[in-house]
Amino acid sequence: MDVELRGITKRFGAVVANDNVNMVIRGGEVLGLLGENGAGKSTMMNILSGLYSPDEGEILIDGKPVSFDGPGDGIAAGIGMVHQHFMLVPVFTVAENVVLGVEPTKRLGYLDLKKARAQVDEINKKYGLHVPADALIEDLPVGIQQRVEILKVLFREADVLILDEPTAVLTPQEVEDFFSIVRSLKEAGKAIVFITHKLHEILAISDRINVLRQGRITGEGVPESLDEAKLAEMMVGRPVSFTVDKTEANPGRAMLEMTDVIMLDDADERLLDKVSLTVHSGEVVGVAGVQGNGQTELVEAITGLERVASGKIIFDGEDITHASVRERHSRGMAHIPEDRHRDGMISTFTIAENMVLNSYYEPAFARGMAIDWASVQKTAAKYCVDFDVRTPSVFLPAGNLSGGNQQKMVVARELERQTKLVIASQPTRGLDVGSIEYIHARLIEARDEGDGVLIVSSELDEIMGLADRILVMFDGRIVAEFDNTGGKADRNAVGLAMAGAHEGAAA
Amino acid sequence: ASAFTACQVTDTGGIDDAGFNQTAWKGVQDSMAEYGIEGRFLESQAEADYEANLNSLLGGACDVIITVGFLMGDATATSAAANPDQKYSIVDYAYDPTIPNVVGQVYATDQAAFLAGYLAAGMTETGVLGTFGGINIPPVTVFMDGFVHGANHYNSVHGTDVTVLGWNPESQEGLFTGNFDSLDDGRAFAQNLYDEGADIIMPVAGPVGLGSASLANELGTDELKIIGVDADQTQTDPDRAHVYLTSVLKRMDATVQAVIKAAMDDTFEGGLIVGTLENGGVGLAPFHSFEDAVPAELKAEIEEIKAAIIDGSLTIGG
Amino acid sequence: MSAVTTDTSAEKIASAKARQARITGGILIGLSLLVLFLLDVAASEVATFKLSRPRDAWVLPDLVVPGAFNTIAAALLAFLGVRQFLRGGGRWTSLSLGIGIALVIMAFLVWATAGKSFSLTGMLQATMVRAVPIALGGLAGVLSERVAVINIAIEGMLLAGAFTGALMGSLLGGWGGLVMAVLVGGMFGMILAALVVTFRMDQIIAGVVINLFVLGLTSYVTSQVFAEHRYLNNAEIFRSWKIPILGDIPVLGPTLFNQNIFVYGALILVAVATYYLFHTKGGLRARAVGEHPRAADTLGVDVYFTRYLHVTLAGMVAGFGGAWFTLGSVGRFDENMTGGRGFIGLAAMIFGRWHPVGALSAALIFGFADSLQQKLALLNTPIPSEFLAMAPYIATIIVVAGLIGKARPPAADGRPYVKE
Amino acid sequence: MMDGKDLKHVNEDMRKLLARAAFGRGDFEDLFVVPVFAVVAALVLGAVIMLATGVDLPTIGQSFVALAVGSFGSLNAVSETLTAAIPLVLAGLGLGLGFRAGLFNIGAEGQLLLGGTAAVIFTFSFPSLPFPVLMIFGLLAGALVGAAYASIAGILKATTGAHEVISTIMLNLISFRLLEYILRQPYIQREGRSDPISKSVPEAGQLPRLLDWFDPNLRLHAGVFVMLLAVVFVWWLLFRSKIGFAFRASGANPDAARYAGMRSGLVIVAAMATAGALAGLAGASQVQGVLGRASPGFSAQMGFDAIALALLGRSHPVGILFAGILFGGLEAGGRQMQVDAGVSIDLIGIIQALIIVFIAAPLLVRAIFPWGFRKETKGGKA
Ligand SMILES: Nc1ncnc2c1ncn2[C@@H]1O[C@H](COP(=O)(O)OP(=O)(O)OP(=O)(O)O)[C@@H](O)[C@H]1O
Ligand SMILES: Nc1ncnc2c1ncn2[C@@H]1O[C@H](COP(=O)(O)OP(=O)(O)OP(=O)(O)O)[C@@H](O)[C@H]1O
Ligand SMILES: [Mg+2]
Ligand SMILES: [Mg+2]
């Protein structure tokens with residue numbers, strides 16, 4: 001099935017998200033779609049799937065113009081979309097999520113979950129997806145959730161699959177598995193649109209590539225004639241450096257020492273199982289691991305968001321095991337949270353307010369019981385300039401910023417202060433190469449100024465590029481440690497440890 | 001020049017409260033019918049309205065202003081002091097000392113309730129009576145006191161063992177709905193008493209009692225009878241008239257009418273009107289559908305007791 | 001558990017479960033002391049609970065509980081408490097607490113009833129009756145909040161149902177009144193849906209406004225019209241309808257099988273709603289709309305329609321519940337006669353964790369506390385009547401604070417959904 | 001690193017970032033045009049309802065004239081309007097503050113009731129204190145008790161997660177009974193009275209009337225200053241103070257607030273207590289300024305009206321002030337309407353509800369009065 005988009009334009013208020021875009025998608029082919037944050041990729045695909053309606057332009061399927069009045073029509077026309085933000089109901093099972101909207105029923109509208117399960121298992125088998133049909137979504141790791149999204153599309157027998165940043169949250173191993181699924185779909189004759197910020201992925205899987213910039217197509221080509229540098233330049237409009245520029249680490253005193261830290265959940269299961277680690281000043285320690293192996297809890301323990309059941313946490317020589325979040329923060333601990341939208345910012349607050357979210361009480365911004373807004377605003381404006389947060393005004397709600405700029409805002413807030421230790425959790429998730437480059441440089445800068453830096457990321461490339469030392473977490477424990485000075489750690493060995501291969505050795 | 005006008009300010013229950021506001025208003029309406037005067041009323045939404053409502057009736061528009069309920073006591077006194085030429089009367093409230101331009105109207109309700117208690121004790125088949133109130137306040141509990149004492153008096157006269165559930169005159173504690181507007185509380189509380197064996201119930205909670213009547217209507221009067229309060233409830237609740245054994249009358253309409261008459265005749269004098277059995281300000285309503293069911297000797301006993309209370313030879317609560 | 005025993009530093013681990021167990025233990029021991037000293041009953045006294053009325057088909061003898069029961073209950077409580085304190089944790093924690101609370105309630109009843117008697121069956125029957133409007137209000141809340149529309153307007157919908165039931169019941173007879181009450185309830189549901197879905201009004205404001213409007217309108221008509229035209233406010237009520245045979249079972253019969261259609265209706269509606277929400281296609285879609293409307297939308301589920309539909313249904317349920325006040329109870333409308341029952345229904349919904357059965361259970365607890373309070377007032381306990389009347393509310397707070405903790409509403413609850 | 005030219009450039013950027021967005025036409029329409037249309041639409045619908053219930057046209061006309069005159073048409077009307085607005089605004093401020101902190105406090109009614117009662121008890125207990133002292137302490141006592149009562153719900157939420165909607169509903173119901181009990185106690189009940197009414201607030205404890213030198217019937221009292229002070233204070237608290245920042249942050253995104261080191265438990269209790277203090281103050285101002293004593297139900301649903309008020313004022317102190325004056329005006333005007341035209345005052349409730357509907361749903365007003373508004377740009381927030 002071939003699909004053509006002609007002259008598509010979509011505006012959100014004053015923002016032109018798509019500007020007269022033309023695009024062709026063919027059966028049995030993977031079309032790679034690339035572009036900066038906010039370039040309009042998701043908007044374009046939401047239009048194709050029927051979720052948004054375009055202001056101008058038309059969609060042709062096999063040469064015939066169609067018009068969609070909602071995603072139901074798109075589905076009926078054979079177009080399925082895996083959204084950038086998961087469209088899964090967390091408290092439903094896999095089977096329930098998959099059949100939603102096309103439920104098999106018996107008499108009295110009775111939901112035939114048995115049949116649903118069977119159908120899910122069938123697709124599972126056909127494409128080798130291995131998704132447990134009865135598991136609750138919220139209990140599944142993101143990698144599996146990703147597959148559920150694909151299952152949903154396949155279940156509806158879509159011929160066109162739109163995959164919007166499907167690999168953003170996957171581990172390298174999961175990406176490999178994912179690619180083999182994509183290939184088998186392609187062989188089955190499906191048309192696939194693949195969106196990602198990762199250039200090597202797009203080169204590896206696409207048959208054709210389109211680059212979108214500020215709502216327009218700015219480049220087209222086939223992977224054979226392109227390389228990462230060219231792609232990046234097409235995207236950002238300037239040359240981009242990929243390797244993190246950094247000198248050798250110069251580790252100093254221990255900034256953070258954790259000893260035998262145990263954290264329990266409500267059922268007394270161990271989320272952290274006797275974790276011990278040290279971060280020195282002037283070094284970047286990377287924590288690698290498949291999501292859900294205790295990294296989140298590790299960060300919560302260090303930053304004081306959750307109580308630990310036993311063990312000791314020492315920060316620059318002082319015991320902070322029982323210190324509050326604020327206390328740790330004011331002693332110089334910076335925290336870039338994993339989920340910026342939920343935890344890192346308040347989208348209805350202005351950029352200025354967000355910039356002082358955790359320091360508004362400090363003498364610099366306070367006058368007695370009041371906040372000195374004039375000083376807050378000046379500081380915020382300075383942060384914006386320093387960290388290249390692109391906004392017309394600091395009085396705008398932070399929710400209006402693009403994802404990359406929101407993240408830069410959070411990073412600015414955390415790094416612009418006097419810090420000793422930086423905890424960065426998934427600091428570049430979902431960001432375009434330009435923003436990633438920028439944030440990485442800032443983290444290294446913090447290291448070079450003598451901070452200890454702890455980076456938690458499921459992006460192995462990020463860890464390999466940034467960290468001087470790599471710790472691997474598995475099942476709530478630290479199962480392996482690698483020296484990465486000069487990038488000498490063995491990528492494969494780290495990957496294996498993430499998959500739990502070291503388990504026996506570490507126990 | 002213009003016709004004589006009687007004005008009423010209700011308390012927050014409103015004019016249609018099936019209670020004292022409505023009964024007092026009936027007094028005004030009766031006067032309108034009988035003496036051809038004008039009548040008007042203002043409803044108070046909140047206590048803060050009393051003063052404002054009284055103010056808006058001043059300036060010669062009203063020949064006499066009737067206020068209703070003890071809660072209006074302060075506002076009425078203030079207004080009366082500021083306007084010594086305006087005539088006022090307040091229902092269910094007495095000033096001590098009295099105010100020259102205000103007539104207080106109060107009622108010895110326990111006298112009538114005593115008769116009702118005696119009657120009920122004579123009529124019960126289960127030997128159990130019930131009562132409940134709206135809120136534990138004297139204008140309510142005085143009914144309940146009289147009712148219990150009346151039943152006890154029957155016991156001591158006849159050597160029976162009739163019990164009254166829902167009120168204990170010694171501890172002054174008992175069964176209360178906590179409101180004067182939830183009719184289905186009236187039903188539920190009656191059901192509760194019925195479950196414990198009561199077959200005659202006197203609810204003292206304004207319209208809430210209508211809910212009790214509804215239960216009696218459903219169960220049948222063999223199972224449950226109701227004693228009304230304030231007005232003759234066969235009149236105010238005509239559709240269920242047959243469930244009312246009788247009503248304990250608190251003739252606010254009569255006293256209001258008397259005050260209006262006095263004001264018209266220029267015999268108005270500040271002070272106090274106390275409704276008693278003697279002056280007909282309180283009393284027992286006719287038995288209506290139970291006229292035949294009440295034994296003649298019981299009727300006679302009640303008349304005797306009434307006479308004894310009036311001449312002071314019988315004291316209530318002794 | 002095994003981890004704790006294998007670990008040498010076990011005693012230092014602050015286990016959440018162990019702490020909870022210790023707290024529970026402490027509470028139980030406290031309750032034991034309470035029963036021992038405050039609810040002490042002389043061993044010679046007995047408490048009599050009547051189970052049948054003399055005219056019942058099958059008469060059960062009275063349940064006579066000796067005063068020694070309380071001493072035993074105190075001992076049991078102490079045992080449970082100490083056990084929790086020492087051994088702690090596990091499935092036993094909530095079970096012990098449940099048993100403990102039941103024991104305390106029983107001991108309290110024995111204490112209050114010592115030397116007297118009351119009808120246990122009557123109390124249970126009243127529990128059921130008093131629970132009906134609250135359960136229906138709660139169910140209305142469940143239906144609309146499951147599609148993420150906060151429904152503060154339950155109170156207004158109940159009142160509208162009560163009013164319509166009385167007015168239309170007077171004109172058209174009971175069934176006509178009932179149908180109209182349901183329809184008017186549904187109409188207000190639809191208005192709420194229109195305000196929040198189509199006009200994107202804040203959901204709480206919309207609810208508050210509907211309450212204000214209905215209260216104003218019904219009060220206005222009551223004083224402007226009903227006061228003069230009494231025949232408009234005098235409806236025939238639905239009497240109890242005893243189910244043959246089942247209705248004669250002692251205790252259970254009067255409680256469950258000798259009630260009016262509102263009680264049966266509430267039970268049936270709860271069952272149907274549970275089936276619908278958790279076992280049908282429509283229910284799955286509704287819940288999806290409540291949890292993640294955009295996900296539902298991407299799969300072709302019409303979010304707006306789903307919200308309209310369910311909020312309207314919620315209104316109809318509330319309209320039915322409202323009719324209980326007039327057609328199922330007293331046959332006559334009075335200003336503000338629902339008296340906050342809609343809000344208590346809302347509480348029941350939260351307490352029942354947005355589940356129809358949960359809401360019903362919560363309503364039953366409330367109904368129980370309410371009828372218990374009435375019995376206690378009859379028993380001449382030394383507790384002032386005002387405090388007895390508070391009992392249902394205090395019980396609700398304790399239960400919500402102690403047993404529920406953080407309940408999780410549907411994820412999208414209260415948020416408008418904007419299609420592009 | 002940066003040379004002078006760059007620095008200048010940076011300053012230029014900062015200046016741009018600091019330029020505030022202008023007051024747009026949309027704001028103007030939301031703030032002024034919508035309310036005007038809302039009031040008109042509500043009155044028209046109110047007339048329709050009167051017609052439907054058999055009120056004749058001249059009477060309806062008379063009612064609206066009375067409504068206007070009774071709310072703002074004379075000095076007495078303005079005095080009554082403001083007097084009615086005082087407790088509503090005070091309680092509304094508390095609710096608005098709660099909303100900003102993400103708390104839905106339905107308990108203002110109970111807090112107001114107990115706060116007012118405390119003010120009465122305090123003032124008659126210390127009759128020897130001189131005028132401003134007793135008055136101020138009375139207000140403080142009211143605020144304190146209101147705060148304490150509200151804190152119960154706050155503490156329960158903070159420690160056990162009990163939903164504040166449930167606990168405040170229950171606390172309201174409890175407060176009604178508690179007041180009945182309190183008013184029966186010999187120390188509190190007025191001497192010589194058998195009904196539930198408290199002793200009176202002594203002269204020195206009263207909020208003095210401001211205009212009685214002009215006409216003794218003018219009830220406007222010094223509570224109006226308390227109200228204005230409270231508006232300024234709450235505005236300062238919310239938008240200028242540190243704790244207010246924490247309130248708003250916790251309300252807008254509790255997760256982010258926690259991550260930023262704000263203590264959610266503390267914020268909840270503090271916000272509830274502040275809201276309760278304002279409700280308590282509302283009760284105190286009512287008893288010290290208008291009623292002079294406590295009796296069952298003297299709160300007269302003000303705590304519930306305040307919910308609508310806070311929502312109508314968009315939880316902004318100034319918005320609440322205006323909403324309160326609107327409500328006060330309706331109340332005073334409604335009374336006049338009853339006096340002059342004999343229309344039941346319950347109609348006011350209906351009109352209030354309708355006005356809120358139209359103000360809170362600008363889209364609805366736009367749909368009814370399309371000519372009153374600028375066309376929205378295509379593709380805007382449809
Ligand atoms: N619902 C919306 N309302 C308003 N503006 C929107 C909306 N969705 C997207 N935009 C704006 O449209 C532009 C394009 O957004 P889009 O999500 O298509 O970008 P993208 O290329 O997918 O970016 P990313 O790589 O961050 O996912 C951005 O400026 C974005 O802020
Ligand atoms: N001088 C200032 N500088 C920066 N931010 C400010 C300043 N004054 C107020 N703010 C913040 O900007 C917003 C606007 O505050 P303002 O006092 O003007 O009320 P408002 O805009 O009417 O409030 P709202 O938008 O919440 O209804 C508030 O969220 C406040 O915290
Ligand atoms: Mg995107
Ligand atoms: Mg009325």
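**Reading a disulfide, a buried arginine and two interfaces**

Student: Is Cys7(B) buried or exposed?

Tutor: Cys7(B) is buried, its relative accessible area being 0%. Please bear in mind that the model is predicted. The class follows from a cut-off, because a residue counts as buried under 20% relative accessible area.

Student: To which residue does a disulfide join Cys7(B)?

Tutor: In general, a disulfide is a covalent bond between the sulfur atoms of two cysteines. Here the partner of Cys7(B) is Cys62(B), with an S to S distance of 2.0 Å. Cys7(B) belongs to strand β1 (residues 5–9) of chain B, while Cys62(B) sits in the loop between α2 (49–57) and β3 (64–68) of chain B; the link thus spans distant parts of the chain, 55 residues apart. The angle about the S-S bond is -85°, and the link is left-handed. Cys62(B) is also buried, at 4% relative accessible area.

Student: How many disulfides does a search of the whole structure find?

Tutor: The search over all chains finds 1 disulfide. A low accessible area is a separate property from a bond: Cys384(A), for instance, is buried at 2%.

Student: Where is Arg293(D) found, and is Arg293(D) buried or exposed?

Tutor: Arg293(D) lies in the loop between α11 (264–291) and α12 (302–312) of chain D. With a relative accessibility of 3%, Arg293(D) is classed as buried.

Student: What does the side chain of Arg293(D) reach in chain B?

Tutor: One should look at side-chain and backbone partners in turn. The side chains of Arg293(D) and Glu47(B) are joined by a polar contact of 3.2 Å. The side chain of Arg293(D) also reaches the backbone oxygen of Leu71(B), at 3.0 Å. Leaving aside residues up to four places away in sequence, the residues that Arg293(D) touches include Tyr50(B) and Asp74(B), as well as Val120(D), Arg190(D) and Val287(D).

Student: Turning to whole chains, which pair shares the most contacts?

Tutor: Chains C and D do, among 5 pairs of chains in contact. Chain A and chain B, by contrast, have no contact joining them, and their closest C-alpha atoms are 37 Å apart.

Student: How should the interface of chain C and chain D be read?

Tutor: Begin with extent, then turn to composition and specific pairs. Chain C has 42 residues in contact with 44 residues of chain D. About 3,800 Å² is buried between these chains, and carbon and sulfur atoms give 80% of that area. The 1 salt bridge counted there is formed by Glu386(C) and Arg184(D), with the closest N and O atoms 2.7 Å apart. There are also 5 residue pairs in polar contact across this interface. On the side of chain C that touches chain D, α7 (174–198), α8 (203–226), α14 (341–351) and α16 (385–404) each supply at least two residues. Of the elements of chain C, α8(C) gives the most to that side, with 14 residues. By class, that side has 30 nonpolar, 8 polar and 4 charged residues.

Student: What does the same reading give for chain C and chain A?

Tutor: Here 30 residues of chain C contact 39 residues of chain A. The area buried between them is about 2,900 Å², with 62% from carbon and sulfur atoms. Arg285(C) and Glu103(A) meet through their side chains in a salt bridge (2.8 Å, N to O). Several helices of chain C each supply at least two residues to this side, among them α2 (16–38) and α10 (261–279). The element α11(C) gives the most, with 6 residues. The side of chain C that touches chain A divides into 12 nonpolar, 6 polar and 12 charged residues.

Notes:
Residues numbered from 1 in each chain as written. Chains lettered and ligands numbered in written order. Predicted model: local features only at pLDDT ≥ 70, side-chain atom pairs only at ≥ 80, totals over all residues. Heavy atoms only, no water. Contact = heavy atoms within 4.5 Å. Buried area = accessible area lost by both parts, 1.4 Å probe. Salt bridge = Lys/Arg side-chain N within 4 Å of Asp/Glu carboxyl O. Helix = DSSP H or I, 4+ residues; strand = E, 2+ residues; numbered from the N terminus. Nonpolar A, V, L, I, M, F, W, Y, C, P; charged D, E, K, R; others polar. Disulfide = S-S within 2.5 Å. Buried < 20%, exposed > 50% of the residue type's maximum accessible area, 1.4 Å probe, protein only. Polar contact = N/O pair within 3.5 Å; in protein donor to acceptor, adjacent residues only side chain to side chain.
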